[in-house]
Amino acid sequence: MASPPHLSAVKGAKVLMVGAGGIGCELLKTLALSGFKDIHIIDMDTIEVSNLNRQFLFRQKHVGQSKAKVARDAILRFRPNISITPYHANVKDPEFNVDFFKQFNVVLNGLDNLDARRHVNRLCLAADVPLVESGTTGFLGQVTIHLKGKTECYECQPKPAPKSYPVCTITSTPSKFVHCIVWAKDLLFAKLFGDKAQDNDLNVRSGNASTSDHTEDVFERRTDEDIEDYGRRIYDHVFGYNIEVALSNEETWKNRNMPRPIYTKDVLPVRPTRQNGNMDRGSATENPSSVSAMASLGMKNPQEIWSLMENSKIFLEALKLFFGKREKDIGNLSFDKDDQLAVEFVTSAANIRASSFGIPLHSLFESKGIAGNIVHAVATTNAIIAGLIVIEAIKVLQKDAKSYRMTYCLEHPSKKMLLMPVEPYEPNKSCYVCSETPLSLEINTHRSTLRDFVDKIVKAKLGMNLPLIMHGSALLYEVGDDLEEDMVANYAANLEKVLSELPSPVTSGTLLTVEDLQQELTCNINIKHREEFDEEKEPDGMVLSGWTQAPAVEKKDENHVGNGVGTSKNMPTSAEQAETNEDVEIVPADIEIPADKKRKLAEISNSDGMVTSRVAAETNNHSKVEELDDDDDVVFICDGDSDPSKKRKLH
């Protein structure tokens, strides 16, 4: 790939790969075959069976082993003379600090979640090391290059917000199947099998204080209560009684279709006929994640849409198997798309609720895709993207700035091209990460606590892991292992105080400084007091501006993708958090830009690193894929600028 005069740059380069999954396997192979001699890999995951159809460095015998270590061993079989250093660890671990990153000539990302991508971006900026980002989703993919002060950083353009749904929609007025999935996964499953101490809206709505029979916590299994009786009681409560309670509010249903209460007596015999060997068939293997209600009931086709009766049987059988075969896990479980019994339970619960509200039912295959944020991965796309990553890495090592390109891989040809290269975007002057532009936060300083600010803004929006918060010279909050006990107690107490009652009160006009020492990132936030917020449009009760959050993409319910995926950051409805890859993912095409608006990267002087112009490579009706690859092939859709004067030509 590289010409002979430049081979020394490749052979002498020290490269860091982050991620050894779908893209990572192809990338490591391509790096080794391209002459790279010193490669380091970080990946915290272990190999799963579902990886084997596209991560070709792994075999069945490797299931359960470290991806980074197995990938290294596989490459050394045909390139024994190169050095590959694997780290079976989280890239956010303290050992991977700025000094660690400084030892590398270039960093190559093949990650599957937004949080880790942002973390690596910030470390690369702090260490002044070039970063080549990448991602795929199905047949679509992209490779982008990021150099401090010369191109935009990964966070110069805001990523889409996870799609969130108002609690009232999920608990009372679902209109889409995804609402039923969220209810079944995040409320019912969590309530029955997760941490009992966590707040759950099913608690709030589980009883009617005026009816003594329903004041108890119905989700608690009574002493010596038969498991089938318990299952039926839960079923009748959530699908029958709670629906009747909702129907009592006539105002809610004036312009909506009224739901139908469903009780077990309506769909099942008084007591189900006991099946011989029922429990045994569901646990033929000792692996808890392979216990199956479908197998127990003799049902085999995951693409078949079950009837209401079949869903009811699966629901009760799955609950029985959880308590009969996996009781030790109850209280610590969270939904996992690779947990067959969990998927069966969530599918059946969502379908029963959908039936009650007149929403079309879905198969287990489709439901798993929605619940697990699944987007199909395509091995050839991963291979193409890996090749493009290496091409850009070689350009970086050759310091060939004029040739840097961001490249989009298309599913269908545009202008007879499947690969669309675009000049890198210039740094965004308003980026709070690489330009340190102050942000503004509208918040009710008399109601919101410091904990609200830390959880909803500092961690969720700004992606800081070890934050330090200061008001002038007053330190309001800090985390770290080296803190003294009295300081830890003091900061813990501050978390529960409303902002205006902190030792150094935070009020309208306050300037807060937030730092993450691990990422070496500092951000200033101007506080503006605001009394009221729209609960549906502004569910956090606070609005961050100056850094424009991309809108979450609403998903269409008509198409459904099943299979397995998960992560990150959009409820599918968009995808990193999408519930499926139903959202349209489109990369740039047919873009024309006035010549006078185009500014090449090569024209940017060293002193003019922070420029204001940001060029969108999207048309009004197209979006930029900010996807993920790997087991959790989640897709993020980032809407492009609609102003044609801000668009740059494709080359």
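Select T137 and L140 first: T137, in strand β5, has L140 in strand β6 as its bridge partner. The model on screen is predicted. Now colour the two strands in full. Seven bridges join β5 to β6 (residues 140-146), and the two run antiparallel. Between them, the hairpin has two residues, and G138 takes a positive phi near 60 degrees there.

**Strand β5 and its other neighbour**

Keep β5 (residues 131-137) selected and turn on a surface for the rest of the protein. How many residues of β5 are buried? Seven of the seven are, so the strand is largely enclosed by the rest of the structure. In a regular strand, side chains alternate between the two faces of the sheet. On one side of β5, look for L131, E133, G135 and T137; on the other, V132, S134 and T136. Both faces are covered, and these residues are all buried.

Next add strand β4 (residues 106-109). Two bridges join β4 to β5, and this pair runs parallel. Select V107 to find one of the pairings: the bridge partner of V107 in β5 is L131. To get from β4 to β5, the chain passes through helix α5 (residues 114-127), and this β-α-β crossover is right-handed.

**Salt bridges**

Clear the selection and show charged side chains. The whole structure has 19 salt bridges.

Start with E225 and R233. Their side chains meet in a salt bridge of 2.9 Å, N to O. Are these two residues buried or exposed? Both are buried.

Move to K337 and D338. The closest N and O atoms of this salt bridge are 3.3 Å apart. The two partners fall into separate accessibility classes: K337 is buried because its relative accessible area of 8% is under 20%, whereas D338 counts as partly exposed at 31%.

The next stop is E496 with R451, a salt bridge in which the closest N and O atoms are 2.4 Å apart. E496 lies in the loop between α18 (485-495) and β12 (511-516), and R451 lies in helix α17 (residues 450-459), so the pair ties together parts that are 45 residues apart in sequence. E496 is partly exposed, with a relative accessible area of 48%. R451 is also partly exposed, at 34%.

Finally, select E228, E317 and K320 together. Salt bridges that share partners join these residues into one network.

**N494 in helix α18**

Go to N494, which is found in helix α18. At 1% relative accessibility, N494 counts as buried, since the value is under 20%. Which backbone oxygen lies 2.9 Å from a polar atom of the N494 side chain? That oxygen belongs to L476. Leaving aside residues up to four places away in sequence, N494 touches L450, L476, L502 and P503. Show these as sticks to see what surrounds the asparagine.

**Three residues in loops**

Select N53, in the loop between β2 (38-42) and α3 (67-76). N53 is exposed, with a relative accessible area of 52%. A polar contact of 3.0 Å joins its side chain to that of R54. Now add A379. N53 and A379 are 326 residues apart in sequence, but 8.0 Å apart in space, C-alpha to C-alpha.

Then select D224, in the loop between α8 (201-204) and α9 (227-247). D224 is not a glycine, and its phi is positive, near 65 degrees. D224 is exposed, with a relative accessible area of 78%.

The third residue is E520, in the loop between β12 and β13 (521-529). E520 also has a positive phi without being a glycine, at about 55 degrees. Its relative accessible area is 53%, so E520 is exposed.

**The whole protein**

Zoom out and switch to a cartoon view. The secondary structure comes to 18 helices and 16 strands. Of the 651 residues in the protein, 55% are buried. Among contacts between residues at least 6 apart in sequence, 70% join residues at least 24 apart. Last, show the full surface. The accessible surface comes to about 27,600 Å², and 49% of it belongs to carbon and sulfur atoms.

Note on methods. Residues numbered from 1 in each chain as written. Predicted model: local features only at pLDDT ≥ 70, side-chain atom pairs only at ≥ 80, totals over all residues. Heavy atoms only, no water. Salt bridge = Lys/Arg side-chain N within 4 Å of Asp/Glu carboxyl O. Buried < 20%, exposed > 50% of the residue type's maximum accessible area, 1.4 Å probe, protein only. Helix = DSSP H or I, 4+ residues; strand = E, 2+ residues; numbered from the N terminus. Polar contact = N/O pair within 3.5 Å; in protein donor to acceptor, adjacent residues only side chain to side chain. Contact = heavy atoms within 4.5 Å. Pairing = 2+ DSSP bridges. Right-handed = clockwise from strand over helix to strand, strands pointing away. Areas by Shrake-Rupley, 256 points an atom, 1.4 Å probe, with all protein chains shown as cover.
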